[in-house]
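Biologist: Could you take me through one part of this model up close, namely how its helices pack and what holds them? I'd like one connected walk-through rather than a list.

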Amino acid sequence: MEGCEQYAEWISARLDGPLSPEEERALNAHLAQCPDCQALEKDLKTLHEAFSEPIGPPAPPELLPGVMERVRQTAPGPRRVRRYQVRTLAGLAACLAICFGLYHSGWLRVPPGTAAPQSADSVEGLPDGVTTAPPDSGPAPEEMPESKQISPASASNSDLPAYIDSASVDGTVADDVEPPEATLSLRAAQFDGASLTVSGHEVDAVCTLSQLPQGAEEILQIDAALQAAETEQVYYLVSREQLDALMDLAQAQEDVEAELAVSESETGLCAVVLQN
Amino acid sequence: MTEQELVEKSKQGDQEAFEQLVRDNQNRVYALTARMAGDREEGADLAQEAFLRAWQGLPAFQGGSSFSTWIYRLAANVCIDYLRRRRRRWAVESGPSLDDSEEAWPEPADWKQDPQYRLEQAELGRAVSRGLDALPEYQRRILVLRELAGLSYQEIGQALDLDIGTVKSRIARARLALRKILLEDGNFSFAPPSKKTNEKKKGEHHGRL
Ligand SMILES: [Zn+2]
């Protein structure tokens, strides 16, 4: 019958949602007199419903253990990293991998008041090129923050290479360790499990600061501040380099607290959010 | 334990509860990611990534939808990101090089070679599975996003850079093509073994969007 193609499209669309009243009327009128389209509708409905059946192929047996192995190394919530990982942000992808690796290594899962799972001794004592450190190999290094507060002054830059080395060490933390709580509010930033957004901007990283560090005006245009609609928090959209520089400043200033959340995206855009 | 209870426990950090959620959803998530990627191994990696993102995103998960609905959408996003990355990489390169000879849009793996493919499935699901694999890639992807991931036309449009009218007509054409394949499939007939076909009346369709 003539025009069946248009009706086929409506038949399909009606499986996914209501048509407009006119389309609905026209389609029903056509169906009443077109056996072909009636058969088509029946078949497409069968197909549509078939998708609620198991559609193969089934997941490979190693999928579940693989997921759980990574879950055990990863606290729920966006990846929060401390100051000394920020330094690596400017290095783009490779450094994100490092952040990710660090996270997986268990460093970031050290709960408040708990000894770090790896000691600075063992890490510092490693010769170049050695990338493993035994778990539970000593007392917590003093520079590991005992508090869950993300205190910029508590990590020293000299730790960085050692931490990078230790990043490739997996599974050094007991499974029952609680994930660290965020100290600062990440409210303006949304993590939907896939991407990190601030007021609708997809960003690679969000740094939440208790206040702008002194000298911030050298790095960003203060009057370029934006305001998040829902939380009314002030935020800035910045490059990775700007974020890095700001975190450097924050680190040097005792009264500035910072928290960083990093996603895996590579938009080149980062956000600085002020706690209000 | 209900899905909701499992979600609540997982939110508290209960890994066993989360494991159950993964177990309950892994087949469908994998069916989705493997088909979107057109490759088994990539599909498994993407499925793993989707579950990891779910674990990390759980604190933000409000429970406005079911967990399964949510994880399918997450998985779709993971796949879309993956395809975008791959496309971008392809665009940057002048041509295939020796150390990266994969095609930008590789042909699907031949599932039928795999013994697991033979595992028990409902006949209809199995037929649809075969039919999907026989579809051209662009039709398979759009249908997977609609039917397996449950994305709306609008979301599919955003994901694939298509306007809604195009999404609508492509989905219709993909369904027609799938039907044609199944009609030609000697092992499948639309004749009603299913009771559903009898109770069907016009006007009974309920939109799912
Ligand atoms: Zn007709």
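Modeller: Here's a walk through the zinc site and the helix contacts around it, followed by some helix packing in the other chain. Keep in mind that this is a predicted model.

Let's start with the metal. The zinc ion takes its protein donors from Cys4(A) through SG, His30(A) through NE2, Cys34(A) through SG and Cys37(A) through SG, at 2.0 to 2.3 Å. The angles among the 4 donor atoms run from 103 to 113°, and the site is tetrahedral. Along the chain, the donors follow the spacing C-x25-H-x3-C-x2-C. Cys4(A) sits in helix 1 of chain A and Cys37(A) in helix 3 of chain A, so this pair ties together parts 33 residues apart in sequence.

Now for those two helices. Helix 1 of chain A covers residues 4–16 and helix 3 of chain A covers residues 35–50; they pack at about 30°, with their axes 10 Å apart. That's why they count as roughly parallel to each other, and helix 1 of chain A passes helix 3 of chain A in a right-handed crossing. On the helix 1 side, the contact uses Cys4(A), Tyr7(A), Ala8(A), Ile11(A), Ser12(A), Arg14(A), Leu15(A) and Asp16(A), while helix 3 of chain A brings Cys37(A), Leu40(A), Glu41(A), Leu44(A), Lys45(A) and His48(A). Sorted by class, the residues of this contact are 8 nonpolar, 2 polar and 4 charged. Zinc donors turn up here too: Cys4(A) and Cys37(A) are both part of the contact.

Over in chain B, helix 6 (residues 137–148) is the one to follow. Its axis comes within 9 Å of that of helix 8 of chain B (residues 164–184), and the two cross at roughly 105°. That makes helix 6 of chain B roughly perpendicular to helix 8 of chain B. Among the residues in the contact are Tyr138(B), Ile142(B), Leu143(B) and Arg146(B) from helix 6 of chain B, and Val167(B), Ile171(B), Ala174(B) and Leu178(B) from helix 8 of chain B. By class, the contact has 8 nonpolar, 1 polar and 5 charged residues.

Helix 6 of chain B also packs against helix 7 of chain B (residues 153–160), at about 140° and with the axes 10 Å apart. These two are therefore oblique to each other, and the crossing is right-handed. Here Ile142(B), Leu145(B) and Arg146(B) of helix 6 of chain B meet Tyr153(B), Ile156(B) and Leu160(B) of helix 7 of chain B. That contact has 5 nonpolar, no polar and 1 charged residues.

Notes
Residues are numbered from 1 along each chain as its sequence is written. Chains are lettered from A and ligands numbered from 1 in the order in which they are written. This is a predicted model: local features need pLDDT of at least 70, side-chain atom pairs count only at pLDDT 80 or more; totals for chains, interfaces and linings use all residues. Side-chain values use heavy atoms; hydrogens and water are left out. Axes are lines fitted to C-alpha atoms, for helices over the stretch in contact, and angles run from 0 to 180 degrees between N-to-C directions. Helices (H or I, at least four residues) and strands (E, at least two) are DSSP runs, numbered from the N terminus. Angles under 35 degrees count as roughly parallel, over 145 as roughly antiparallel, 65 to 115 as roughly perpendicular and the rest as oblique. A crossing is left-handed if the near helix is turned anticlockwise from the far one by less than a right angle, and right-handed if clockwise. Contact means heavy atoms within 4.5 Å. Ala, Val, Leu, Ile, Met, Phe, Trp, Tyr, Cys and Pro count as nonpolar, Asp, Glu, Lys and Arg as charged, and the others, Gly among them, as polar. Donors are N, O and S atoms within 2.8 Å of the metal (3.2 Å for Na, K and Ca); water is not among the atoms, so sites may look incomplete. Four donors count as tetrahedral if all angles lie between 85 and 135 degrees; four count as square planar and six as octahedral if opposite donors are over 155 degrees apart and all others between 65 and 115; anything else is irregular.
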